[in-house]
Amino acid sequence: MTPEERNYLSDFYHANHAKLFLHAYAMLKSKTLAEVAVQEAFQVACQKPAELMKSESPIGWMKKAIEFKALHILREQKRTMMVFVPLDELPPGTEPAISDNSDSHLIDCCLNAVSADELSFFLRIARGESTVAEEAKRLNIKLKTCYARFERIRARLQKALEKNL
């Protein structure tokens with residue numbers, strides 16, 4: 001990236017971040033996910049600075065990139081919901097518990113795919129007990145890294161469950 005492109009992107013980011021964040025938030029209804037979408041879209045812009053700079057509407061270019069990222073996030077959320085039933089949709093008294101022996105096969109399957117710490121991390125977020133941002137802060141890692149960790153664990157669990165169930 002040339003110094004001119006770097007300066008352009010920096011100025012563009014500072015001038016338009018709030019507007020782009022609101023655009024992402026309107027789609028995702030989550031501050032954390034909106035920020036993830038904006039940051040990932042800016043990563044794309046950093047990989048293609050000339051394309052952004054030559055665009056007739058750089059703000060439109062970025063909004064389109066954010067929309068693609070937001071749609072990806074929403075698809076991933078939908079996939080997660082297809083694999084894991086939210087606890088509020090289960091009849092009272094039927095919530096699975098890690099200590100419940102009736103689900104021991106399911107628990108063993110999950111623990112063969114991921115560590116106990118990874119499963120606990122995943123379940124805190126999946127159950128809504130914690131957010132990705134809160135977990136990132138707790139683990140002292142970047143938000144994007146935490147989101148990627150969650151997605152890797154989700155993918156490993158989904159693969160293990162599909163294989164064993």
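**Notebook: helix packing and core**

I looked first at α6 and α7, and found that α6 passes α7 in a right-handed crossing, that is, with the near helix turned clockwise from the far one by less than a right angle. The contact (heavy atoms within 4.5 Å) is made by Phe121, Arg124 and Ile125 of α6 with Val132, Glu135, Arg138 and Leu139 of α7. I sorted these residues into four nonpolar, no polar and three charged. The axes, which are lines fitted to C-alpha atoms over the stretch in contact, come within 9 Å and cross at roughly 145°.

I note that this is a predicted model, in which local features need pLDDT of at least 70, side-chain atom pairs count only at pLDDT 80 or more, and totals for chains, interfaces and linings use all residues. Residues are numbered from 1 along each chain as its sequence is written, and side-chain values use heavy atoms, with hydrogens and water left out.

I then turned to the largest nonpolar core (buried Ala, Val, Leu, Ile, Met, Phe, Trp, Tyr and Cys residues joined through side-chain atoms within 4.5 Å), which has 39 residues, and those with the most contacts inside it are Leu52, Met62, Ile66, Ile73 and Leu157. α2 gives the most to this core, with nine residues. Beyond its neighbours within four places in sequence, Leu52 touches Tyr8, Leu9, Phe12, Ala45, Pro58, Trp61 and Met62.

In α2 (helices being DSSP runs of H or I, at least four residues), I listed the buried residues (under 20% relative accessible area, 1.4 Å probe, protein chains only), among them Leu33, Val36, Glu40, Phe42 and Val44.

Definitions and conventions: Buried < 20%, exposed > 50% of the residue type's maximum accessible area, 1.4 Å probe, protein only. Helix = DSSP H or I, 4+ residues; strand = E, 2+ residues; numbered from the N terminus. Axes fitted to C-alpha atoms, helices over the stretch in contact; angles between N-to-C directions. Nonpolar A, V, L, I, M, F, W, Y, C, P; charged D, E, K, R; others polar.
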